[in-house]
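Here are my comments on the model you sent, set out as numbered points. Please read them with the sequence and the coordinates open beside you.

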Amino acid sequence: MAIFSSLEARKAVERALPETISFLQDLVRVSSLLGNEEPAQALVEQRLRDVGFDVRSLVPDEAELVENPDSGIPLLSYEGRRCLVGTQGSGSGRSLLLNGHVDVVSEEPADRWTKPPYGAAIEDGRLYGRGACDMKGGIAAMLLAVEAALSAGDLPGPLVYQSVIEEECGGNGALAACLAGPLAEGIVIGEPTNGSMDLVAPGVIWARITLEGSSRHASHADEGSNPIETAFAVTTALHELEASLNEKQEPEFAGVERPYLLNVGSLHAGDWPSMTPGRAELDVRLGFPIRMDPGEAQSLLAAAVGRADSGAKVEFRGFRARGYAFEADTPLVRLLAACHEDVRGSALVAEPVRATTDLRFFQPGQAVCYGPTGEGLHGVDEWVDLESIAEVATVLALLIRRWGA
Ligand SMILES: [Zn+2]
């Protein structure tokens, strides 16, 4: 088989780029928040078929998932919510799997965006919108890569595409897709990696903490606790736990300040200035060391909350993710680095990040996160750089052909 050069790959990417950008705009314009992923999946399904995949729908099986120690704790029924598994290629070469999540987080506070969060506006080579970077841009880049790779003829080996839900809240979409199969000998997740790659993540758990107090008239405010004020004591206790987790850093996070972070993601309490609220509810996220079991992290979190308020209720939901440290010296990563260097002219380096991804569901020697460049993930004015989509697609088109060759 003739060598597929980086120049040929780039030309094929250029030809399909306008259509890819309009696909990405359509994808950003559907909000695909938790529970509303289907409009995005319908768009991805069509695009998968357009680039030659046979597509199967897969509804995660809650009963099967809750039995699995690596699952997230479901927040919502899976009825009417599906993952997609695309397959194509019958060549005898090594198999490759591409994975992308369609779910996004909220655009809160929407009034601070300078571009509409679901408008997909393009300005100065940047496409703006919630999910543009995390990770609809990566989905567009991966499917563009497939199209470009196909321009050089039949694929050398089997190719699988997983379009999953719930990456942002526990990973059950990817886990369900992996349990259903097929898997492959090499895996790339197109999460945004800003010109580097990502192989390392801390563990992550979520918890909902409910604090109760006697609701009463403000004229009796001094006659007992106030759940809103208790919430601050709980937060302080959790930050003490965070500090103790960060006292001993793991070598995988060398150079990263405080890899294990606490985040208070929501606080709901009270509705009247002249009333002491009866209840406060906090949702928190805690990062923890790779070598710590999620169950141990849950116990530490519950104990810290208990020290601040012995009556607090702690419910674990969503993330129950162990950390991971995947190897960089593997055939897949070496080949990805060679393709990256061919196209982008620089060495591919691994940057540890303080967030998790669906990578943890794959085999350590076989998988890597590699995707476009952007900013504003989980924040205001999220954008993805369109040139980085073309570059990533070119790299991945080479990878698809060379991995299977
Ligand atoms: Zn993501």
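1. Helices and strands are taken here as DSSP runs, a helix (H or I) having at least four residues and a strand (E) at least two, and both are numbered from the N terminus. On that basis the protein chain of this predicted model holds nine helices and 18 strands. Its radius of gyration is 22 Å, close to the 22 Å given by the globule rule for 405 residues, so the chain is as compact as a globular protein of that length.

2. On overall extent and packing, the C-alpha trace spans about 80 × 40 × 40 Å along its principal axes, and 50% of the 405 residues count as buried. If one takes the contacts between residues at least 6 apart in sequence, 82% of them join residues that are at least 24 apart.

3. One sheet deserves a closer description: it is open, has six strands in the order β1-β2-β6-β3-β7-β16, and its pairing is mixed. Because β1 (54-58) and β16 (367-369) each have a single partner strand, they stand at the edges, and one side of each is left without a neighbour in the sheet. Neighbouring strands of this sheet are turned against each other by 20 degrees on average, with direction ignored.

4. At the β1 edge, what is the sense of the pairing between β1 and β2? The two strands are antiparallel, and five bridges join β1 to β2, which covers residues 83-88. As one point of reference in this pairing, Asp 54 has Thr 87 of β2 as its bridge partner.

5. Two helices can be placed against the sheet. Helix α2 (residues 38-50) lies across β1, β2 and β6 (159-164), and runs at about 5 degrees to β2. Helix α9 (residues 386-404), for its part, lies across β3 (96-101), β6 and β7 (186-189), and its direction makes an angle of about 150 degrees with β3.

6. The largest nonpolar core has 92 residues, of which Ala 145, Ala 148, Val 368, Ala 393, Leu 396, Ala 397 and Ile 400 touch the most other members. Helix α4 (residues 132-150) supplies the largest share of this core, namely 14 residues. With residues up to four places away in sequence left out, Ala 397 touches Ala 9, Ala 12, Val 13, Ala 145, Ala 148 and Ala 149. Another core, of 26 residues, lies apart from the largest one, and its members include Trp 206, Leu 282, Ala 297 and Ala 304.

Notes. Residues numbered from 1 in each chain as written. Predicted model: local features only at pLDDT ≥ 70, side-chain atom pairs only at ≥ 80, totals over all residues. Pairing = 2+ DSSP bridges. Axes fitted to C-alpha atoms, helices over the stretch in contact; angles between N-to-C directions. Contact = placed C-beta atoms within 7 Å. Core = buried A, V, L, I, M, F, W, Y, C linked by C-beta atoms within 7 Å. Buried ≥ 20, exposed ≤ 12 C-beta atoms within 10 Å, placed from the backbone. Rg over C-alpha atoms; globule rule 2.2 N^0.38 Å.
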